[in-house]
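Notebook open, structure loaded. I went through it one spot at a time and jotted down what I looked up.

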Amino acid sequence: MVSLSGLLALLLALVHLVTGNVQSFRATPRSRWLSIAGGASVAYVFVHLLPELEGGTVLASVPLFVGFLERHVYIVALIGFSLFYGLEVLARESGREADGKRTDDEIFWLHIGTFTAYNALIGYLLVHREQPGPVNLMLYAVAMGLHFVVNDYGLREFHEDSYDRLGRWLLAGAVIVGWAIGNATEVDEAVVNTLFAFLAGGVILNVIKEELPEERESRFWSFALGAGSYTLLLLFV
């Protein structure tokens, strides 16, 4: 299983290195493949990930949340969603304050630094699974690979040349580093549940923020096709 997870970590890293060469992803209206990828990754969160997270999270140790054990997962997911929403607002507001210099160093490192940690988490969770087995591992890896395609597009559009020169390499390397840390550490179920719930909130926000802006001219039916197709796969595998 270590060899399979390692191979998948390498393939996920490669997504950031090769996606930029697909010229159709940069087109407006938004490529239907990006919308399909976004729909599939969100379907994974709602249909497979959140329902499978059984048991408590690290919030169980916080007295305020002791009586809400079954809701811990959703509270952590909300925290992940809110954190990435705040990051996006901060980055875009900083860009406007910088007179449109979207590649300003502070904005770049804020954005890329957070997504580097996010990618490391995804790599880490290739090793520490909420549900064991190669099938679940493959479903997770495919969903995260599609999610990386969406993130790659958004970050490249925002940071342009800075992303191609440095950002994508950091994100690719972070997946491998996260996987290596996962192999070197052991954590209990509550920590794994917490990390997966946080990831779920991040995935939802990062996909939706790419689909909703009017200037994206997104493709709803392509998004629905991706979500519906991956839902059927998850239900019958």
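**His-128 first.** I listed what His-128 touches, skipping residues up to four places away in sequence: Gly-182, Thr-185, Glu-186, Val-187, Val-192 and Phe-196. This is a predicted model, so everything I note here is computed from it. Where does His-128 sit? I found His-128 in the loop between H4 and H5. Buried or exposed? His-128 has a relative accessible area of 8%, so I put it down as buried. I also checked its side chain for polar partners: one of its polar atoms lies 2.9 Å from the backbone oxygen of Gly-182.

**The fold at a glance.** I counted 8 helices and 0 strands in the protein chain. Read from the N terminus, the elements go α-α-α-α-α-α-α-α. The chain has 237 residues, and 48% of them count as buried. I then looked at contacts with a separation of 6 or more, and 83% of those in the protein chain come from residues 24 or more positions apart. For the surface, I noted about 11400 Å² exposed, with carbon and sulfur atoms supplying 66% of it.

**Helix H4.** I wanted to check the length of H4 (residues 105–124) against expectation. At 1.5 Å a residue, its 20 residues should span 28 Å, and the end C-alpha atoms are 28 Å apart, so the two agree. Which residues of H4 are buried? My list reads Ile-107, Phe-108, His-111, Ile-112, Phe-115, Tyr-118, Asn-119, Leu-121, Ile-122, Gly-123 and Tyr-124.

**The core.** Next I pulled up the largest nonpolar core, which has 52 residues. Tyr-44, Tyr-140, Met-144 and Leu-199 are the ones with the most contacts inside it. Which elements give two or more residues to this core? I wrote down helix H1 (2–18), helix H2 (32–52), H3, H4, H5, helix H6 (161–184), H7 and helix H8 (220–236). H5 gives the most, with 10 residues. I followed up on Leu-199 and left aside its neighbours within four places in sequence. Leu-199 is in contact with Tyr-118, Leu-121, Ile-122, Leu-125, Tyr-140 and Met-144.

**Salt bridges.** How many are there? I got 3. I took Lys-209 and Glu-88 to start with, whose side chains meet at 3.7 Å, N to O. This pair links distant parts of the chain, with Lys-209 in helix H7 (residues 189–211), Glu-88 in helix H3 (residues 72–97), and their positions 121 residues apart. I looked up burial for both: Lys-209 counts as buried at 18% relative accessibility, and Glu-88 is buried at 8%. The cut-off for buried is under 20%, so Lys-209 at 18% does make it.

Then I turned to Arg-156. Arg-156 forms a salt bridge with Asp-152, with the closest N and O atoms 2.3 Å apart. The two are 4 residues apart in helix H5 (residues 134–159), so about one helical turn separates them. My reminder to self: an α-helix has 3.6 residues a turn, so residues three or four places apart point the same way. Arg-156 and Asp-152 are both buried.

Arg-156 also meets Asp-164 in a salt bridge, at 2.8 Å, N to O. Here I compared the partners: Asp-164 is partly exposed, with a relative accessible area of 23%, whereas Arg-156 is buried at 7%. Shared partners join Asp-152, Arg-156 and Asp-164 into one network of salt bridges.

Definitions and conventions:
Residues numbered from 1 in each chain as written. Predicted model: local features only at pLDDT ≥ 70, side-chain atom pairs only at ≥ 80, totals over all residues. Heavy atoms only, no water. Buried < 20%, exposed > 50% of the residue type's maximum accessible area, 1.4 Å probe, protein only. Contact = heavy atoms within 4.5 Å. Areas by Shrake-Rupley, 256 points an atom, 1.4 Å probe, with all protein chains shown as cover. Salt bridge = Lys/Arg side-chain N within 4 Å of Asp/Glu carboxyl O. Expected span 1.5 Å × (residues − 1). Polar contact = N/O pair within 3.5 Å; in protein donor to acceptor, adjacent residues only side chain to side chain. Core = buried A, V, L, I, M, F, W, Y, C linked by side-chain atoms within 4.5 Å.
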